[in-house]
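Me: Please give me a close look at one part of this protein and set it in the context of the whole fold.

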Amino acid sequence: MEERQVVGSHKISFVNRSNGIITGVKDVLSFDANEIILDTEMGMLMMKGMELHVTRLTVEKGEVEIDGRIDSLIYSEVQNGKRSSEGFLSRLFK
């Protein structure tokens, strides 16, 4: 039986704030040891922490596996199912 992912589906699952899987990922925009920025079905997602690593990226399924210590998750604003017109990155650097 083939598993199908519904468009717009997004899920985050972490164990002990360290190892986790995120689904509904469209793209990995940037990452380093302290910050990962993802484009997801629900908007931009910025994760901050320490010793962060993208251990697996499966583009076909839209899944990203991450390890390291997660300190925060921040989403960009989503209005009526659409992203706000102002860019996520531009809001970060105001």
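Reply:

**Ser30 and the sheet around it**

Leaving out residues up to four places away in sequence, Ser30 touches Glu35, Ile36 and Ile37, where contact means heavy atoms within 4.5 Å. The model is a predicted one, in which local features need pLDDT of at least 70 and side-chain atom pairs count only at pLDDT 80 or more, while totals for chains, interfaces and linings use all residues. Residues are numbered from 1 along each chain as its sequence is written, and side-chain values use heavy atoms, with hydrogens and water left out.

Ser30 lies in strand 3; helices (H or I, at least four residues) and strands (E, at least two) are DSSP runs numbered from the N terminus. Because its relative accessibility is 30%, Ser30 counts as partly exposed; buried means under 20% relative accessible area, exposed over 50%, and partly exposed in between, with a 1.4 Å probe and protein chains only. Between the C-alpha atoms of Ser30 and Met46, which are 16 residues apart along the chain, the separation is 9.5 Å.

Strand 3 belongs to an open sheet of 6 strands with antiparallel pairing, in the order 1-2-6-5-4-3; two strands pair if DSSP finds at least two bridges between them. Strand 3 (25–31) is an edge strand, as is strand 1 (11–15), and each of them pairs on one side only. With direction ignored, neighbouring strands of this sheet are turned by 45 degrees against each other on average; the axes are lines fitted to C-alpha atoms, and angles run from 0 to 180 degrees between N-to-C directions.

At the other edge, strand 1 pairs with strand 2 (residues 19–23) in the antiparallel sense over 5 bridges. Ser13 has Ile21 in strand 2 as its bridge partner.

Ile36, one of the residues touched by Ser30, is also part of the largest nonpolar core, which has 11 residues, among them Ile22, Val25, Val28 and Leu38. Such a core is a set of buried Ala, Val, Leu, Ile, Met, Phe, Trp, Tyr and Cys residues joined through side-chain atoms within 4.5 Å. Strand 3, strand 4 (35–40), strand 5 (43–58) and strand 6 (63–75) each supply at least two residues of this core. Beyond its neighbours within four places in sequence, Ile22 is in contact with residues including Phe14, Leu38, Leu45, Met47 and Val64.

Across the protein chain there are 1 helix and 8 strands, and the helix follows the strands in the run β-β-β-β-β-β-β-β-α from the N terminus on. Of its 94 residues, 30% count as buried.
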